[in-house]
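Colleague: Could you take me through this structure feature by feature, giving the general idea before the particular case?

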2 protein chains.
Amino acid sequence: MTDLFPKKGHDHDRCIDSAIAQAEKVCEAENARFTDMRRKVFSLIWQSHKAVTAYELLDALQAEGQRVQPPTVYRALEFLTDLGLVHRIESLNAYFGCDQPDCDHLGQYFICTRCGRVAETVDEDVSIAVRKAAKNVGFKIQATTVEIKGLCHDCTTH
Amino acid sequence: MTDLFPKKGHDHDRCIDSAIAQAEKVCEAENARFTDMRRKVFSLIWQSHKAVTAYELLDALQAEGQRVQPPTVYRALEFLTDLGLVHRIESLNAYFGCDQPDCDHLGQYFICTRCGRVAETVDEDVSIAVRKAAKNVGFKIQATTVEIKGLCHDCTTH
DNA sequence: CAAGAAATGATATATTATAACATATCACCC
DNA sequence: GGGTGATATGTTATAATATATCATTTCTTG
């Protein structure tokens with residue numbers, strides 16, 4: 001068993017730094033501009049391992065004295081999700097930083113209902129089963145949403 | 001290949017009647033009241049094989065001259081989803097009539113992005129793969145959301 | 001039929017998201 | 001290096017989805 005969720009007391013600054021470094025690389029590869037606003041939003045999303053709502057991001061930006069409006073946040077989110085740097089968690093209407101942006105959007109999301117954290121995995125068996133189920137019914141997949149709610153390992157044992 | 005989506009020109013009245021008959025049975029078994037409002041909402045949901053938003057239901061009820069407000073619709077939806085008679089499609093913020101209400105909520109939803117129809121399946125391989133993925137990471141499942149967007153068989157061939 | 005429980009009505013408001021147009025900033029060419 | 005078109009952000013308004021709260025009605029059951 002390998003817990004996907006980060007350990008208590010891990011060095012979260014490293015998560016943030018590494019995510020930003022990755023994002024920079026992706027943007028460069030895609031010839032997309034990682035502007036101040038996008039970087040700011042991305043870094044706010046990475047402040048925790050939870051999913052964050054657009055309005056939480058807005059509040060955080062405004063708390064810093066910026067006069068930001070909803071469209072600004074939603075635009076940054078659209079940019080980031082289009083590049084796969086952030087994923088939208090449909091069942092939470094919230095956004096989550098992806099730590100494997102080259103994963104082709106086939107991931108699955110574990111959402112802990114106790115601590116609120118989210119973890120992503122790209123499980124081949126799940127993808128295969130989903131693809132097979134689609135094939136069985138003659139369905140051509142464009143996108144999949146697999147969100148699993150429950151208790152993370154920490155929260156079942158503490 | 002067995003298409004889950006109903007054939008063109010199928011007798012949809014039978015879908016509706018059968019769904020209502022099933023719903024009556026479930027409510028009786030659960031000792032829950034299938035009131036006029038709940039029946040009305042349920043039957044509106046079953047007017048098509050698409051997912052319907054709460055406000056589309058509200059509009060339909062109001063179009064019939066009823067002076068219905070949002071909470072009324074949401075209450076009916078809550079009742080129906082709690083009993084498993086209706087499922088919420090998270091990625092659409094919309095509601096869909098379940099034709100196998102004893103399925104334990106482990107279903108997968110195929111959503112056709114062209115015709116808008118939704119079909120439900122309960123694929124054991126997918127469930128098993130998801131449960132295994134959860135076990136691998138020490139995660140205790142409470143609920144799963146598996147929504148697959150793409151083209152139904154009709155829409156790929158026509 | 002009375003009394004409590006369950007359902008619905010009614011009002012207000014919270015939360016999530018986008019449309020439309022104005023302004024600012026950037027990248028590139030000359 | 002300055003003009004120009006493209007890209008990004010600012011600004012205002014509003015749409016779409018959902019819930020809290022309290023009042024009233026309807027149902028059930030003794």
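Modeller: What follows is a conversation about the DNA contacts, the chain interface and the helix packing.

Modeller: This is a predicted model, in which local features need pLDDT of at least 70 and side-chain atom pairs count only at pLDDT 80 or more, whereas totals for chains, interfaces and linings use all residues. Residues are numbered from 1 along each chain as its sequence is written, chains are lettered from A and ligands numbered from 1 in the order in which they are written, and side-chain values use heavy atoms, with hydrogens and water left out.

Colleague: Which residues are the closest to DNA strand C, and how many surround that strand?

Modeller: A residue is near a strand if one of its heavy atoms lies within 4 Å of it. For DNA strand C there are 18 such residues, and the closest are Arg33(A), Tyr55(A), Arg88(A), Thr35(B) and Arg75(B). Of the atoms of DNA strand C that come within 4 Å of the protein, 50% belong to sugar and phosphate. Sorted by class, the surface near DNA strand C has seven nonpolar, four polar and seven charged residues, where Ala, Val, Leu, Ile, Met, Phe, Trp, Tyr, Cys and Pro count as nonpolar, Asp, Glu, Lys and Arg as charged, and the others, Gly among them, as polar.

Colleague: Which helix gives the most to the surface near DNA strand C?

Modeller: Helices are DSSP runs (H or I, at least four residues), numbered from the N terminus. H4(A) gives the most, with four residues, and at least two residues each come from helix H4 (70-82) of chain A, helix H2 (36-45) of chain B and helix H4 (70-82) of chain B.

Colleague: What polar contacts reach the bases and phosphates of the two strands?

Modeller: A polar contact is a pair of N or O atoms within 3.5 Å. On DNA strand C, an N or O atom in the side chain of Tyr55(A) is 2.6 Å from a base nitrogen, while phosphate oxygens are approached by a polar side-chain atom of Tyr95(A) at 3.5 Å and by an N or O atom in the side chain of Arg38(B) at 3.1 Å. On DNA strand D, the side chain of Tyr55(B) has an N or O atom 2.6 Å from a base nitrogen, Arg75(A) places a polar side-chain atom 2.4 Å from a base oxygen, and Arg38(A) has one 3.1 Å from a phosphate oxygen.

Colleague: How many residues surround DNA strand D, and which helix gives the most to the surface there?

Modeller: DNA strand D is surrounded by 19 residues, the closest being Thr35(A), Arg75(A), Arg33(B), Tyr55(B) and Arg88(B). H4(B) gives the most to this surface, with four residues, and the surface near DNA strand D comprises seven nonpolar, five polar and seven charged residues. Sugar or phosphate accounts for 51% of the atoms of DNA strand D within 4 Å of the protein, and bases for the rest.

Colleague: How much area do chain B and chain A bury between them?

Modeller: The size of an interface is often given as the accessible area lost when the parts come together. Here chain B and chain A bury about 3,100 Å², 61% of it on carbon and sulfur atoms, the buried area being the accessible area (1.4 Å probe) that two parts lose on being put together, summed over both. Val137(B), Phe139(B) and Gln142(B) supply 19% of the area that chain B buries against chain A, more than any other three residues. The contact, meaning heavy atoms within 4.5 Å, takes 40 residues from chain B and 40 residues from chain A.

Colleague: At what angle do H3(B) and H4(B) pack, and which residues meet?

Modeller: Two packed helices are described by the angle between their axes and the distance between the axes. The axes are lines fitted to C-alpha atoms, for helices over the stretch in contact, and angles run from 0 to 180 degrees between N-to-C directions. Helix H3 (residues 54-63) of chain B packs against H4(B) at about 120 degrees, with the axes 9 Å apart. Ala54(B), Tyr55(B), Leu57(B), Leu58(B) and Leu61(B) in H3(B) meet Pro70(B), Val73(B), Tyr74(B) and Leu77(B) in H4(B). The residues of this contact divide into nine nonpolar, no polar and no charged.

Conventions. Polar contact = N/O pair within 3.5 Å; in protein donor to acceptor, adjacent residues only side chain to side chain.
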